[in-house]
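Dear colleague,

I am handing over a structure for you to look through, and below it I have set out what was found. Please keep it open beside this message while you read.

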Amino acid sequence: ESMIVKTINLENQYFVEDNEKLIVTIGAFDALHIGHKKLFNELIKEKRKRGQHYKTGVITFSKHPDFSLQKREENNILETDDNKLKSFNDYNLDYVFLLEKEVLSLTYQDFHRQILDAINTEIVIVGKDFKYGHKALGNINTLKDDYTVKSYLIKNHTGDKVSSSEIRELLKCGNIEETNRLLGRNYFIESNNYKVNDNNCLLYYNENMIRLYPGLYKCKLIADNSFEIINVDFKQDYIIFEINDILKSKLV
């Protein structure tokens with residue numbers, strides 16, 4: 001059974017069934033790294049413990065709030081929104097709530113009333129340094145006033161907190177090994193925007209995707225459900241690699 005995706009803005013709130021109590025996690029989730037996965041796994045554990053009237057929900061954004069607040073450049077995302085939703089599917093969630101940018105102007109008290117209470121939130125699972133509401137004045141202590149809160153601090157092997165901004169910096173430096181460790185999977189780039197010239201293929205980045213440090217990388221190229229290990233030359237706005245006749249037939 002697939003998750004139910006609902007969009008919440010200030011005019012069009014979504015109300016869950018009266019008898020459903022929600023266990024939620026909240027965040028931008030630029031790409032699901034090992035810290036986020038911990039929160040999602042705790043969400044599932046909590047539901048198993050609580051029984052059938054409890055449902056799981058993820059509250060995230062239809063567009064990363066950093067962009068709405070103009071805190072960083074547009075071409076700086078780790079994962080497309082479609083891929084983010086696909087990765088949520090691995091957890092058999094009941095609901096995904098996509099917040100619109102208007103929500104960013106809510107005080108944390110109004111966020112409780114208009115968002116969390118509207119979807120029958122009872123339990124909130126977040127990182128220990130979680131902030132929310134206008135001017136980020138809400139935190140795990142303000143959440144505890146109205147909900148049961150479980151908070152976690154996820155560290156990497158050097159003892160630092162795992163964050164999406166750290167992963168972005170690692171990619172800009174070309175440190176794929178540490179990126180993969182923090183993501184808990186291999187980093188990948190997906191694009192349908194490419195062209196084939198002679199024995200080369202030029203694959204273009206999705207417009208807003210972060211650019212990997214230019215250079216030669218060994219990659220697994222997946223095309224039409226088959227794959228080959230190849231050397232790929234990453235340029236500023238595209239990547240280029242040699243292809244054989246079999247690959248050419250799948251790409252053309």
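**Strand pairing and the open sheet**

Strands β2 (residues 21-26) and β5 (residues 121-127) run parallel and are joined by four bridges, and within this pair Thr25 has Ile125 of β5 as its bridge partner. Please bear in mind that this is a predicted model. As general background, the strands of a sheet pair through backbone hydrogen bonds, in either a parallel or an antiparallel way.

The two strands belong to an open sheet of six, in which the order is β1-β4-β3-β2-β5-β6 and the pairing is parallel. At the edges stand β1 (4-8) and β6 (148-152), each of which has a single partner strand, so one side of each is left without a neighbour in the sheet. From one strand to the next, the twist averages 25 degrees. Helix α4 (residues 108-116) packs on this sheet, where it touches β1, β2, β3 (54-61), β4 (95-99) and β5, and its direction makes about 130 degrees with that of β2.

**The antiparallel strands**

Further along the chain, β9 (residues 215-223) and β10 (residues 226-234) pair in the antiparallel sense over nine bridges, with Tyr217 standing opposite Val232 of β10. These strands form a hairpin with two residues between them, and in that hairpin Asp224 takes a positive phi near 55 degrees. Strand β10 is also joined to β11 (residues 238-242), again antiparallel, by two bridges; here Asp233 has Ile240 of β11 as its bridge partner, and the hairpin of β10 and β11 has three residues between the strands.

**One face of helix α3**

Which residues of helix α3 (residues 81-88) are buried? They are Asn83, Lys84, Ser87 and Phe88. Seen down the axis of α3, these buried residues fall within an arc of 150 degrees, so they line one face of the helix. Among the elements that cover them are α1 (34-50), β3 and β4.

**Two loop residues with positive phi**

Most residues other than glycine have a negative phi, and for that reason two loop positions deserve a look. Phe29, in the loop between β2 and α1, has a positive phi near 50 degrees, and Asn92, in the loop between α3 and β4, has a positive phi of about 50 degrees although it is not a glycine. Are these residues buried or exposed? Phe29 is buried, with a relative accessible area of 2%, whereas Asn92 counts as exposed at 57% relative accessibility.

With best wishes

Methods. Residues are numbered from 1 along each chain as its sequence is written. This is a predicted model: local features need pLDDT of at least 70, side-chain atom pairs count only at pLDDT 80 or more; totals for chains, interfaces and linings use all residues. Side-chain values use heavy atoms; hydrogens and water are left out. Two strands pair if DSSP finds at least two bridges between them. Axes are lines fitted to C-alpha atoms, for helices over the stretch in contact, and angles run from 0 to 180 degrees between N-to-C directions. Contact means heavy atoms within 4.5 Å. Buried means under 20% relative accessible area, exposed over 50%, partly exposed in between (1.4 Å probe, protein chains only). The arc is that of the directions from the helix axis to the C-beta atoms.
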